[in-house]
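Good morning, colleagues. I should like to use this short slot to discuss one helix and its surroundings, and then some charged pairs. Please look at the structure as it comes up.

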Amino acid sequence: MSINPDTFKTNHLPTWCPGCGNFGIWLALKNALAELGIGTDDGVCVYGVGCHGNMYDWMKIYGVAALHGRTLPVAQGLKAANPALPVMVISGDGDGLGEGGNHFINAAKRNADISVFIHDNQVYGLTTGQASPTANIGFKTKSTPEGVIDEPLNPLALAITAGATFVARGFSGDIPGLTALMKAAIEHKGFSVVDILQPCVTFDKIHTYAWYRQRLYNMETPDTKIKALELAMEWGDKIPVGIFYKEERQSPKEESAKPVNLDELLAEFI
Ligand code: SF4
């Protein structure tokens, strides 16, 4: 049976707010998997806690709903047990970079062969709109009524400096562009990150689709890490999207990993 985006349909309809950027990410992920020929039994998604994590119910593929901020330990365990398995992490800016920030840094450092898709909307939408680690200065939310006063965390710069070997930024309003980035990330051998700019239409009236469309531009992948970091720091009137950094570097752990025989392993403890 041929694999197409509808292959991943379940009986559940999304409960996201109409117009939410999560829809575009969901569609791009289904496109990417179908184009790569990864079927419902061929890969696994690990979901964090947040509006993004609700995708678990309407995405027909093996899935694990992780604890808040704990997607990456689960994902790395899955990968260690079965190195051939495509492992994708569906995370948010709050879940992945707030509660899960330490895991993010260390998984990047060891270049774990996992693809991380960050649904980056600057807010904790599921808990009705508090500022997340990526919220821009001045952004007024329920938790920051006078506006955010601290510098936002930069997922791209963090990933590059921590050791990720594929770092990209996409936009949930550009389905073809995002599909291509997600495909490249899944195909990459090593820790791949796609930071996906995603409007939260309910709790953020500033960073709308129009706001992003006025600023986003497609860039060429820079040829050095320093240039990648310079571009990663660009934010304001112009915001670059595309692949910022790519490097071939095999993870020593994955290199030596063999599929685990669970029966033999458990027998050691009996
Ligand atoms: Fe999407 Fe925001 Fe609604 Fe959550 S609260 S479903 S992120 S629009």
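Let me begin with helix α6, which runs over residues 175–187 of this predicted model. The helix has 13 residues, and the distance from its first C-alpha to its last is 18 Å, close to the 18 Å expected at 1.5 Å a residue.

Which residues of α6 are buried? They are Leu178, Thr179, Leu181, Met182, Ala185 and Ile186. Because these residues cover an arc of only 165° around the axis, they are on the same side of α6. The other side of the helix carries Pro176 and Glu187, which are exposed.

The next point concerns what the buried residues of α6 pack against. Their partners include one helix segment, α1 (22–36). The strands they pack against are β3 (87–92), β4 (115–120), β7 (166–171), β8 (192–197) and β10 (239–246).

Before leaving α6, I would draw your attention to its start. There, a side-chain oxygen of aspartate 174 comes to within 3.0 Å of the backbone nitrogen of glycine 177.

I turn now to the charged pairs. How many salt bridges does the structure hold? The structure holds 5, and I shall discuss some of them.

One of them joins the side chains of lysine 79 and aspartate 113, with an N to O distance of 3.5 Å. Lysine 79 belongs to helix α2 (residues 71–81), whereas aspartate 113 sits in the loop between α4 (101–109) and β4, so this salt bridge ties together parts that are 34 residues apart in sequence. Both lysine 79 and aspartate 113 are buried.

Another salt bridge pairs aspartate 223 with lysine 227, and their closest N and O atoms are 3.0 Å apart. Are these two residues buried or exposed? Aspartate 223 has a relative accessibility of 62% and therefore counts as exposed, the cut-off being over 50%. Lysine 227, at 40% relative accessibility, counts as partly exposed.

The last pair I wish to present is glutamate 247 with arginine 249, whose side chains meet in a salt bridge at 3.2 Å, N to O. Glutamate 247 has 21% relative accessibility, and because buried means under 20%, this residue counts as partly exposed. Arginine 249 also counts as partly exposed, at 30% relative accessibility.

To recapitulate, the buried residues of α6 are on the same side of the helix, and the salt bridge between lysine 79 and aspartate 113 involves two buried residues. Thank you for your attention.

Definitions and conventions. Residues numbered from 1 in each chain as written. Predicted model: local features only at pLDDT ≥ 70, side-chain atom pairs only at ≥ 80, totals over all residues. Heavy atoms only, no water. Helix = DSSP H or I, 4+ residues; strand = E, 2+ residues; numbered from the N terminus. Expected span 1.5 Å × (residues − 1). Buried < 20%, exposed > 50% of the residue type's maximum accessible area, 1.4 Å probe, protein only. Arc of directions from axis to C-beta. Contact = heavy atoms within 4.5 Å. Polar contact = N/O pair within 3.5 Å; in protein donor to acceptor, adjacent residues only side chain to side chain. Salt bridge = Lys/Arg side-chain N within 4 Å of Asp/Glu carboxyl O.
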